[in-house]
Amino acid sequence: MSGGDRPPVALVTGGGGDIGRAIALRLAQMSDAVAIVDRDETAAGAVAQLVEKAGARALAIRADVSSARETAAFVEAVETRLGPIGIFANNAGIEGVVAPLHEYPDETFDQLLQVNVKGVFLGLKHVIARMMQRGTGAIINTASTSAIRGRAGLAGYVASKHAVLGLTRTAALDVARTRIRVNAVLPGPVESRMIRELEGQARDSAIALRRSAAIAHGRPQDVASVVAFLASDEAAHVNGAAWVVDGGMTLA
Ligand SMILES: NC(=O)c1ccc[n+]([C@@H]2O[C@H](COP(=O)([O-])OP(=O)(O)OC[C@H]3O[C@@H](n4cnc5c(N)ncnc54)[C@H](O)[C@@H]3O)[C@@H](O)[C@H]2O)c1
């Protein structure tokens, strides 16, 4: 994007989920078209309908972000069917389970790295390759406050989100000579399926997830509005940044 141009196409992975839906609807206000990628086809389709109701063109694609082949295919499909991707919300992620590290299942750890790390890497790789041809674009990776702190019971999730921040910073440097920017948004707990699932498991295993009960959970739209800012020309000089959206929770 440059000179206040309306970026024609936004892509949101995990767009069928709670935060992804809010991001897709927020980006529909500043884009001509929004592509929603999710492994849950029904959820992606439902969000695409909401995007169309909001006045933007929409495309729902079922894909697994941890597959290189599927990632190459959905990036190609979005550019062919909607146009050049100007905004990429690299948001799909899974939570794994709550368990102390010495009991944490190996296969869950592997899955978290596969989806949250490899998936984010593949999205960056394929979208940046397209953006490099044009020299412009804005990418926002959804990390978590688990990218900058430890959390009891969440070894796989915390390791994966630290990696997302490392990828964000490295990608930002790799594109620093262009007008492509790569930033991360770091939500604290947000009212969502994911946090209900984690809090339920934590209660069952008597592991304390929250630091400050005094700070309310955020709403998906609180995350989406920061993503929209980072995607906009207002953030033209913001690159490689980690934007915490947690109501101050990490300070407690
Ligand atoms: N909910 C929170 O409190 C919270 C806090 C911090 C960060 N986050 C992060 O925000 C992002 C969105 O989470 P959410 O709360 O909306 O959760 P969610 O489970 O509602 O949404 C995640 C979406 O990603 C999709 N997805 C999962 N694996 C996929 C894969 N391999 N390929 C394609 N799609 C896949 C799911 O189908 C789902 O629709 C995640 O990266 C999550 O780690 C969430």
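1. **Secondary structure.** The protein has seven helices and seven strands. This is a predicted model. Read from the N terminus, the order of elements is β-α-β-α-β-α-β-α-β-α-β-α-α-β. Strand and helix alternate at the start of that order, and two helices stand in succession before the closing strand.

2. **Overall dimensions.** The radius of gyration is 17 Å, close to the 18 Å that the globule rule gives for 252 residues, so the protein is as compact as a globular protein of that length. Along the principal axes, the C-alpha atoms occupy a box of roughly 50 × 35 × 30 Å.

3. **Burial and contact range.** Of the 252 residues, 49% are buried. Take the contacts between residues at least 6 apart in sequence: 73% of them link residues at least 24 apart.

4. **Strand β5.** This strand covers residues 136–142. Six of its seven residues are buried, so β5 is largely enclosed by the rest of the structure. It has a parallel partner in β4 (residues 85–90), with four bridges between the two. It also runs parallel to β6, and here seven bridges make the connection.

5. **Register around A138.** A138 of β5 can be placed against both strands. I87 stands opposite A138. In β6, the bridge partner of A138 is R181. A second pair fixes the β5–β6 register: T136 has R179 as its bridge partner in β6.

6. **Strand β6.** Residues 179–187 form this strand, and eight of the nine are buried. Besides β5, which it joins through seven bridges, β6 pairs with β7 (residues 242–245). That pairing is parallel and rests on four bridges. P187 has its bridge partner in β7, namely V245.

7. **Crossovers.** Two β-α-β units share β5. In one, β4, α4 and β5 make a right-handed unit. In the other, β5 leads through helix α5 (residues 155–174) to β6, again with right-handed geometry. The parallel pairing of β4 with β5 and of β5 with β6 goes with these units.

8. **Ligand shell.** Which residues come nearest to the ligand? They are G14, G17, I19, G93 and S144, out of 28 residues around it. By class, the shell has eleven nonpolar, eleven polar and six charged residues. Three helices each supply at least two shell residues: α1 (18–27), α4 (106–134) and α6 (193–205). Helix α4 thus has two roles to check in the model, as a contributor to the shell and as the helix of the β4-α4-β5 unit.

9. **G16.** This glycine sits in the loop between β1 (9–13) and α1. Is G16 buried or exposed? It is buried, with 25 other C-beta atoms within 10 Å; the cut-off for burial is 20 or more. Beyond residues up to four places away in sequence, G16 touches R21, I36, D38, D40, A43, A44 and V47. The C-alpha atoms of G16 and A46 are 7.5 Å apart, although 30 residues separate them along the chain.

10. **A35.** Strand β2 (residues 33–38) contains A35. A35 counts as buried, with 30 C-beta neighbours inside 10 Å. Setting aside neighbours within four places in sequence, its contacts are V9, L11, L59, I61, V78 and L82. A35 and A77 lie 42 residues apart along the chain, and their C-alpha atoms are separated by 9.6 Å.

11. **L122.** This leucine belongs to helix α4. It has 22 C-beta neighbours inside 10 Å and counts as buried. Outside the residues up to four places away in sequence, L122 touches V65, A68 and T71. One of these, A68, is 54 residues away in sequence, with a C-alpha to C-alpha distance of 6.3 Å.

How values were computed: Residues are numbered from 1 along each chain as its sequence is written. This is a predicted model: local features need pLDDT of at least 70, side-chain atom pairs count only at pLDDT 80 or more; totals for chains, interfaces and linings use all residues. A residue is near a molecule or strand if its C-beta atom, placed from the backbone, lies within 6 Å of it. Ala, Val, Leu, Ile, Met, Phe, Trp, Tyr, Cys and Pro count as nonpolar, Asp, Glu, Lys and Arg as charged, and the others, Gly among them, as polar. The radius of gyration is taken over C-alpha atoms; the globule rule is 2.2 Å times the number of residues to the power 0.38. A residue is buried if 20 or more other C-beta atoms lie within 10 Å of its own, exposed if 12 or fewer, and partly exposed in between; C-beta atoms are placed from the backbone. Two residues are in contact if their C-beta atoms, placed from the backbone, lie within 7 Å. Two strands pair if DSSP finds at least two bridges between them. A crossover is right-handed if, with the strands pointing away from the viewer, the path from the first strand over the helix to the second runs clockwise.
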